[in-house]
Amino acid sequence: MKFATKAIHAGQEPDPTTGAVMTPIYQTSTYWQKSPGDNKGYEYSRGTNPTRKALEDCLAALENAKYGLAFSSGMGATDAVLRLLQPGDEVITGNDLYGGSYRIFTKIYSKYGIKFHFLDLSKPENILPYINDKTKLVWIETPTNPTMQIIDIEGVAKITKAKNLILTVDNTFASPYLQNPIDLGADIVMHSVTKYIGGHSDVVMGALVTNNETLYKDLWFVYNACGATPGPQDAFLVLRGIKTLHLRMKAHCENGERVARYLKTHPKVDKIYWPGFEDHPNHDVAKKQMRGFGGMISITLKGADLQETFRISSNFKVFTLAESLGGVESLINHPATMTHGSIPKEEREKVGVTDNLLRLSVGVEDIDDLLEDLERALA
């Protein structure tokens, strides 16, 4: 099946009891057993639930993978991957990273003797000097949050496969519609389902998908044992959101390009980060591994201090000043004090996350209203 068909049908069969077309919300904690251990495939909803299973099968299909696992948040999914490691292991990751990922790496797992290397991953070979017999995992985002760095997934995968390392790709900014890291050699794909996949800012959820049966079993053990699993109501809402993912992403991309081209020549904008521009670093890689450039854009404001940046970010009427991204509504975010506030100032500023940087999640509203809002707020 093609993407749009999978988004609507994958993992979702008519309910065998009633014929219901939409997957029912199985609001149950436990399941009847004919005799001890003789059940219908479901025992307890922390580990298995039919509504969640339908979602997991759909997510796997969208990423061209065999196995999917849904978590109660993107950080819950990230935590499950990190639980595959042992004290003394080392991880290679990017120097532009979601603040929550940086926080769990440095404030939680580093305490257990796991070492993290934060690198410029614009060239895959940059990881080579940091690989040793303790290296177990390479974790990348592409596009990165918030400076939209593009990392060559296929190039990194060739190295990780040769060195027998696990490659995990945070695919949140692209969504499965724009990019499929499994096809490019990744072992695990992570999503903050809260964002584009859910798409309506009404659910917090994460997901992991993989083609590797051993990794799936190891991750499922963590998933079941540690219990960061979502309830059936949230799974139902995400299944509903996925049905329009292909339609929404087209609109996000179209509006994103219009907004990016408007901002590129705006007198108040100093720098703009959007991978669709030919002068964006690794634009050619983005063009090769993505099917569009998305609706995420970051800008720095010319000559603006923190107070002026706050004033402008609070002056929008259509864009909402808020955390998160990927919903149908347009959002604006100040990474330095919001999503990336947990990263030390000197570290985030090394990669351009300065006090005058704003991140835009361009929604699917009428483009004329979005451009008018930008013109008014930036005046």
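## Gln179 and its surroundings

Setting aside neighbours within four places in sequence, Gln179 is in contact with Glu63, Thr142, Ile153, Asn171, Ala174, Gln289, Met290 and Arg291. Keep in mind that this is a predicted model. Gln179 sits in the loop between helix H6 (175-178) and S6, and with a relative accessibility of 0% it counts as buried.

One of those contacts reaches a long way along the chain: Gln179 and Met290 are 111 residues apart in sequence, yet their C-alpha atoms are separated by 4.9 Å.

## The overall picture

Zooming out, the protein has 13 helices and 12 strands. Its radius of gyration is 21 Å, close to the 21 Å that the globule rule gives for 379 residues, so the protein is as compact as a globular protein of that length. Taken along the principal axes, the C-alpha atoms fill a box of roughly 70 × 50 × 35 Å.

Buried residues make up 55% of the 379. Of the contacts with a separation of 6 or more, 73% are between residues 24 or more positions apart. As for the outside, the accessible surface comes to about 16300 Å², and 52% of that belongs to carbon and sulfur atoms.

## The loop between S4 and H5

Here's a stretch worth clicking through. Which residues does a cis peptide bond join at Pro143? The partner is Thr142, and omega is about -10 degrees. Pro143 lies in the loop between strand S4 (135-141) and helix H5 (153-162). Thr142 has already come up, as one of the contacts of Gln179.

Another cis peptide bond joins Asn145 and Pro146, with omega at about 10 degrees, and Pro146 also has its place between S4 and H5. Then there is Met148, which has a positive phi of about 60 degrees although it is not a glycine. Met148 is found in this loop too, and at 0% relative accessibility it counts as buried.

Ser201 also has a positive phi without being a glycine, in this case near 55 degrees. Ser201 belongs to the loop between strand S6 (188-192) and strand S7 (206-210). Is Ser201 buried or partly exposed? With a relative accessible area of 43%, Ser201 is partly exposed.

## H8 and the lysine after it

Helix H8 is mostly covered, with eight of its 11 residues buried. Those buried residues are Pro232, Ala235, Phe236, Leu237, Val238, Leu239, Gly241 and Ile242. What covers them includes helix H1 (3-9), helix H2 (50-62) and H9.

Follow the chain out of H8 (232-242) and you meet Lys243, in the loop that leads to helix H9 (245-264). Lys243 is buried yet has no salt bridge. How far away is the nearest side chain of opposite charge? That would be Glu13, at 11 Å. Not counting residues up to four places away in sequence, Lys243 touches Ala7, Ile8, Gln12 and Met22.

## Charges and salt bridges

Side chains of opposite charge can pair when their charged atoms come close. In this model the count comes to 16 salt bridges. There are 41 positive and 45 negative charges, and the mean positions of the two sets are 3 Å apart.

Asp57 forms a salt bridge with Lys53, with the closest N and O atoms 2.9 Å apart. The two are four residues apart in helix H2, which puts about one helical turn between them. Asp57 is partly exposed at 30% relative accessibility, and Lys53 is partly exposed at 35%. The salt bridge between Lys136 and Asp89 has its closest N and O atoms 3.6 Å apart. Lys136 lies in strand S4 and Asp89 in the loop between helix H3 (74-82) and strand S2 (90-94), so this pair ties together parts that are 47 residues apart in sequence. Lys136 counts as partly exposed at 33% relative accessibility, whereas Asp89, at 9%, counts as buried.

Over in helix H9, the side chains of Arg261 and Glu257 meet in a salt bridge at 3.1 Å, N to O. These two are also four residues apart, with about one helical turn separating them. Arg261 is partly exposed at 44% relative accessibility, and so is Glu257, with a relative accessible area of 35%. Finally, salt bridges that share partners join Lys345, Arg348, Glu349 and Asp355 into one network.

How values were computed. Residues numbered from 1 in each chain as written. Predicted model: local features only at pLDDT ≥ 70, side-chain atom pairs only at ≥ 80, totals over all residues. Heavy atoms only, no water. Buried < 20%, exposed > 50% of the residue type's maximum accessible area, 1.4 Å probe, protein only. Lys, Arg positive; Asp, Glu negative; His and termini not counted. Salt bridge = Lys/Arg side-chain N within 4 Å of Asp/Glu carboxyl O. Contact = heavy atoms within 4.5 Å. Rg over C-alpha atoms; globule rule 2.2 N^0.38 Å. Areas by Shrake-Rupley, 256 points an atom, 1.4 Å probe, with all protein chains shown as cover. Charge placed at Lys NZ, Arg CZ, Asp CG, Glu CD.
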